[in-house]
Amino acid sequence: EEQKRLLENRPDQPQNPKVLRVAIIGAPNAGKSTLSNQLLGRKVFPVSKKVHTTRCKAQGVITHEDTQLIILDTPGLTNPLKAKRHKLDEAMLTDPWDSVKHADLVLVLVDVSDHWTRNSLSKEVLRCLSQFPHIPSVLVLNKVDLLKKKFLLLDIVADLTEGIVNGKKLEVKSAFKQDSSSSAKSPLQITQASPSKSKVPGSPCGQEKNQAQEGSGLDRSSDVGGAGTGEAREPKPCGPEDLKDMNGWPHFQEIFMLAARCGEEVDTLKRYLLMQAKPGPWEFHSDVLTNQSPQEICNNIIREKVLEYLPLEVPYGVTQVTEIWEEGECGELLIVQSLLVPRESHMRMLIGRGGKVISRIAQEAGQDLMNAFLCDVRLKLKVDVKG
């Protein structure tokens with residue numbers, strides 16, 4: 001009831017409000033929800049190693065002083081064939097596009113630990129960017145802590161940006177020893193937390209110290225298509241033929257490198273986003289953390305655990321039905337949910353030998369719900385075959 005009241009009430013506007021709507025897009029399992037949770041400081045979006053954990057666009061709200069960031073956590077960009085395989089709603093195909101259309105800034109997240117996909121943006125991501133070229137975009141390389149050979153980041157950046165960042169050509173110079181004992185910090189680490197006008201001229205990807213130039217191996221030396229002003233020209237929409245030969249996007253304004261899971265460098269990105277906010281009215285009350293209802297958060301967290309503990313495609317066929325949602329006398333929350341599966345064999349898998357699997361799911365989900373709702377939660381899960 002409190003969440004409903006906060007969402008329905010008019011926001012408590014400060015004197016000079018600023019706002020920024022940020023869409024986070026990328027391939028499935030790139031870490032979009034993990035990054036969203038870290039930016040928010042609380043777990044409100046489901047996270048799993050399996051693809052398509054996020055099933056719909058959801059909004060997170062960060063309010064800091066006079067600035068409000070609205071984080072649009074979107075399903076991974078996928079194609080109709082894969083959507084059919086994972087029994088995904090049509091919304092899974094349209095929601096990311098819809099979020100980008102209403103965004104002020106797009107974060108493109110890439111998992112650098114996946115050597116199969118890290119050197120090129122997926123065609124779905126490129127298509128999405130090319131449809132809305134007027135919306136500023138930023139490249140975020142995630143899971144850099146899992147990359148042993150840090151010097152590979154130079155090649156990854158060159159490939160994903162087509163060698164151009166913020167209208168300037170990157171010159172790749174090997175400034176690193178090619179060994180796995182390189183610093184855990186990324187060679188292009190963005191330490192800037194100041195407006196773009198205070199950047200050091202020619203500094204790589206927005207770093208603000210001269211020493212950053214020495215270590216990055218990237219030199220944004222020449223303007224592309226500009227008149228020596230350093231300002232990037234507005235990119236033109238690309239057609240299917242233009243995208244055919246593209247592996248990266250040459251219109252990113254900045255590059256960030258971080259490890260969302262452990263929170264490394266997330267604050268740097270957060271400061272950058274706060275500085276990009278423009279004058280405008282807040283959309284939410286300052287006490288709102290997400291536009292999701294408590295029931296939606298509960299369903300997402302339970303589904304996350306089901307995805308984690310069931311093999312292959314099995315968890316995608318589970319239907320959740322909440323039977324009891326009650327608040328106790330001492331403020332504790334009692335939740336009873338039925339998990340309906342299509343087959344007896346799936347039911348046996350979900351229950352596990354001696355009920356171990358379903359007990360573990362209930363225990364872990366209950367703990368996450370307590371952290372999300374900041375109250376005691378008693379969660380009971382039942383398993384049945386769909387009638």
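## The three-stranded sheet

Three strands, in the order S11-S12-S13, form an open sheet with mixed pairing. Its edge strands are S11 (319-327) and S13 (377-385), each of which pairs on one side only. From one strand to the next, the twist averages 15 degrees. The model described here is predicted.

Strand S12 (residues 333-341) pairs with S13 in the parallel sense, over nine bridges. Within this pairing, Ile335 of the chain stands opposite Leu379 in S13. Helix H11 (residues 344-351) packs on the sheet and touches S12 and S13; the direction of H11 makes about 155 degrees with that of S13. Helix H12 also packs on the sheet, where it touches S11, S12 and S13. The direction of H12 makes about 140 degrees with that of S13.

## Packing of H10 on H12

Helix H12 (residues 356-373) also packs with helix H10 (residues 294-309), at an angle of about 145 degrees and with the axes 9 Å apart. The crossing of H10 past H12 is right-handed.

On the H10 side, the contact is made by Pro294, Ile297, Cys298, Ile301, Ile302, Glu304, Lys305, Val306 and Tyr309. H12 contributes Val357, Arg360, Ile361, Glu364, Ala365, Asp368, Leu369, Ala372 and Phe373. Sorted by class, the contact of H10 with H12 has 13 nonpolar residues, five charged residues and no polar ones.

## Helix H2 and Ser36

Helix H2 spans residues 32-40 and is mostly covered, with eight of its nine residues buried. The buried residues are Lys32, Ser33, Thr34, Leu35, Ser36, Asn37, Leu39 and Leu40. They pack against four strands and a helix: strand S1 (18-26), strand S2 (58-64), strand S3 (67-73), strand S4 (105-111) and helix H9 (266-276). After H2 comes Gly41, which has a positive phi, near 85 degrees.

Why does Ser36 count as buried? The relative accessible area of Ser36 is 0%, and a residue is buried when that value is under 20%. Apart from neighbours within four places in sequence, the residues in contact with Ser36 are Ile24, Phe45, Ile71 and Asp73.

## Strand S9 and its pairing with S5

Strand S9 (residues 252-257) has five of its six residues buried, and is therefore largely enclosed by the rest of the structure. S9 pairs with strand S5 (residues 137-142) in the parallel sense, over five bridges. One bridge links Ser137 to its partner Phe252 in S9.

## The chain as a whole

The protein chain contains 12 helices and 13 strands. Of its 387 residues, 48% are buried. Among contacts with a separation of 6 or more, 72% are between residues 24 or more positions apart.

The protein chain exposes about 19300 Å². Carbon and sulfur atoms supply 48% of that exposed area.

Definitions and conventions. Residues numbered from 1 in each chain as written. Predicted model: local features only at pLDDT ≥ 70, side-chain atom pairs only at ≥ 80, totals over all residues. Heavy atoms only, no water. Buried < 20%, exposed > 50% of the residue type's maximum accessible area, 1.4 Å probe, protein only. Helix = DSSP H or I, 4+ residues; strand = E, 2+ residues; numbered from the N terminus. Pairing = 2+ DSSP bridges. Contact = heavy atoms within 4.5 Å. Areas by Shrake-Rupley, 256 points an atom, 1.4 Å probe, with all protein chains shown as cover. Axes fitted to C-alpha atoms, helices over the stretch in contact; angles between N-to-C directions. Left-handed = near helix turned anticlockwise from the far one by under 90°. Nonpolar A, V, L, I, M, F, W, Y, C, P; charged D, E, K, R; others polar.
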